[in-house]
Amino acid sequence: MTTRSVTDRLGGLAFGGDYNPEQWDEPVWKEDDELMRRARVNLATVGVFSWALLEPEEGRYDFAWLDAHIDRLHGNGVAVDLATPTASPPPWFTLAHPDALPVTPDGTRLTHGSRDTYCLTAPAYRSAARRIASALAERYGDHPALALWHVHNEYGTLCHCDHTAAAFRGWLRARHGSLDALNDTWGTAFWSQCYTSWEQVLPPRATQWHKNPGQALDFHRFWSDEIIAAYREQRDAIRVHSDRPVTTNLMLPGYQNVDLWSLARELDVVTSDHYPGSPGLDAAADTAFHADRTRSLADGSPWLLMEQGTSTVYDRDRVLAKEPGEMLRHTLGHIARGSEGALFFQWRQSRAGAEMWHSAMVPHAGPDSRIFREVTQVGDAIARLGELAGSTVSAPVAVLHDADAWWALSVDGLPSPDLGYHEALGQAHRALWDAGVTVDFAHPGQELGRYRLVIAPALFLMSDAGAENLRRYVEGGGTLLVQHAGGFVDDRLHARLGGYPAGPLREALGIRVEEYRPLRREERIALSDGSYGTVWSESLRSGNAETLAAYTQGMLTDRPALTRHRYGAGQGWYLSTRLNGAGYGALIHRLLDEAGAGPDTPGLPAGVEAVTRHAPDGRRWQVLINHGPDTVSLPEPAHDLLTGTTARDLPPGACAVLRKP
Ligand code: GLA
């Protein structure tokens, strides 16, 4: 019987990171042992990129070096998260199987010299991946150090080669049944694209102008299924030999071309990697965005932060350092929202190679450094939080997420390039985070009745079933906000005719969108409540809905911009433009009031993050992080696990984990 808990085996929360000892030698390994003890590391991810050493030539495995490291870690009290190395095939593999290299949409076949140089649909790659997963499992499946299996690394690489074309055709046949159905779904009657034999059908390769949107959407779905199949093959090969939990590390929000809801269902423990995209408070908000999404993918179960950087913030084209204290604040930001610990990429900073400038737990400067001192503080903090293991987080509000809607907003030919899917989800989450509210993400087709408020920021694509589910949610007493361009297309990427959105949703929202009117890049459109919209506007008719704010410019003057419809026992709200930050924040506050939803801990000043974790037996812990500039008095003094004393206030930058009575 596979146990889904990593923490049971560790006896507390997890702390550690990717460990790549093959970059170093004996004296450094000895120092690693000592430093891991000092930092209280209890879990190391091993072997992620070790294929070339584990299988130096096809079919010949060399495990002796890995045996020694795993035994050494075990002797030092460090459990192992053992990876299959299939994200980085070695050069011999490329030369033996050139057809297994990835091909870009323009037909360029990439070569080795980096990582992720494989095509997921190439039979040679798939069988090599299964073989090495099986060989590792046979050897280490019941090793006492083994706590977790880590299949692959951040599945996501795309390919457009002939293997992919053949697999895509097979998938399309199964989905559509006939060429007639495929032609109808993809709208090939337009631009003379009709397919008369399956062999004519290709992946969306480079072409003259807009690619067919239906083809692009189906390709994403196909690729997602291919990733899940590849993961399952390795997982099942491992399970033959091992009863330890199996995972693959997810990367949010947009890197992986996969439906994360479906992939996450296959994982024994959901794990994910996080690197903030901007510094300061934005990084803290991004941490919460990531953690709330991962917890939701885990269906509320405890999950594990598989990677973060000790000092890495990806700010577009440069990598910024974290400020002192941020390592702990980000770590607790994840743990507050359900992570069973925190791991980093990587333990020791490489002295050579592609990621030699990526931060690590032991930096180039060595242990006498700010970074390592903070690492030991984080390790000490995590060691004090063992009693949180297995506790969960509940949220009164859900933001809807559906990979189909994301992909539908990434096709060619949309009326605006600014309908950014993840940006819209981020804006909704940020406004709720600013309000202190804990947020789940949910799929539009799932049961939503437990949420007081549901927000659909970018559900451009909505299936009939999804629209009906949302209608029922409102009818049953829920408060729903649908934002601009919501439900404009169905799950075949066909426009809704007779006015947007989908019929059941028009009923719940009491509106009908007649015309969309994208705005110019910097254009603003003023609304009667003093806020303004950007990106998009719509001409809509409100049947039974009240107009809460109207446009005040141009042909839309006096036409509804924001509406509310009392429907059944609930309310359906529709916002037909992208509101500016302050306007959107005010709208979210109003919705929270109307829906009777509020912050985790009322009464805290802005900038103090608070999330409560609940154990099944009723125990509770409140994680507090002060991102603000002032010392904050706590409403109820309580025992702080981090200091072992009663906390009464929280200085700027400080954290506390309060055991609640
Ligand atoms: C990803 C990978 C790691 C490493 C980090 C760098 O998350 O999984 O191998 O490359 O990015 O930030």
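In the predicted model, His152 is placed in the loop that runs between strand S4 (146–150) and helix H7 (162–176). The backbone of His152 has a phi near 60°, which is a positive value in a residue other than glycine. Most residues other than glycine have a negative phi, and most peptide bonds are trans.

Two cis peptide bonds may be described alongside this residue. A cis bond joins Phe345 and Gln346, with an omega of about -10°. Gln346 belongs to the loop between strand S11 (339–344) and H13. A cis peptide bond also leads from Tyr500 to Pro501, and here omega is near -15°. Pro501 lies in the loop between strand S15 (479–483) and helix H17 (503–509).

Phe345, a partner in the cis bond to Gln346, is also one of the residues around the ligand. The other members of this shell are Phe49, Arg115, Asn153, Glu154, Asp273, Tyr275, Glu307, Tyr314, Glu355 and His358. By class, the shell consists of 4 nonpolar, 2 polar and 5 charged residues. Side chains from this group approach oxygen atoms of the ligand, among them that of Glu307, in which a polar atom lies 2.5 Å from a ligand oxygen. For Tyr314, an N or O atom of the side chain is 2.6 Å from an oxygen atom of the ligand. In the case of Arg115, the distance between a side-chain N or O atom and a ligand oxygen is 3.0 Å. On its own, the ligand has 310 Å² of accessible area, of which the protein covers 95%.

The packing of helices was examined next. Two packed helices are described by the angle between their axes and the distance between the axes. Helix H2 (residues 26–39) packs with helix H13 (residues 370–383) at an angle of about 50°, and the two axes are 8 Å apart. An angle of this value falls outside the ranges for roughly parallel (under 35 degrees), roughly perpendicular (65 to 115) and roughly antiparallel (over 145), and H2 and H13 are therefore oblique to each other. On the side of H2, the contact is made by Leu35, Arg38 and Ala39, while H13 contributes Phe372, Val375, Thr376 and Gly379. These residues divide into 4 nonpolar, 2 polar and 1 charged.

A further pair is formed by helix H11 (residues 281–297) and helix H15 (residues 421–434), whose axes come within 10 Å and cross at roughly 105°. Angles of 65 to 115 degrees count as roughly perpendicular, and this description therefore applies to H11 and H15. H11 takes part through Leu281, Asp282, Ala284, Ala285, Ala288, Phe289, Asp292 and Arg293. The residues of H15 in the contact are His422, Leu425, Gly426, His429, Arg430 and Trp433. The contact of H11 with H15 has 7 nonpolar, 3 polar and 4 charged residues.

Note on methods
Residues numbered from 1 in each chain as written. Predicted model: local features only at pLDDT ≥ 70, side-chain atom pairs only at ≥ 80, totals over all residues. Heavy atoms only, no water. Near = heavy atom within 4 Å. Polar contact = N/O pair within 3.5 Å; in protein donor to acceptor, adjacent residues only side chain to side chain. Areas by Shrake-Rupley, 256 points an atom, 1.4 Å probe, with all protein chains shown as cover. Nonpolar A, V, L, I, M, F, W, Y, C, P; charged D, E, K, R; others polar. Axes fitted to C-alpha atoms, helices over the stretch in contact; angles between N-to-C directions. Helix = DSSP H or I, 4+ residues; strand = E, 2+ residues; numbered from the N terminus. Contact = heavy atoms within 4.5 Å.
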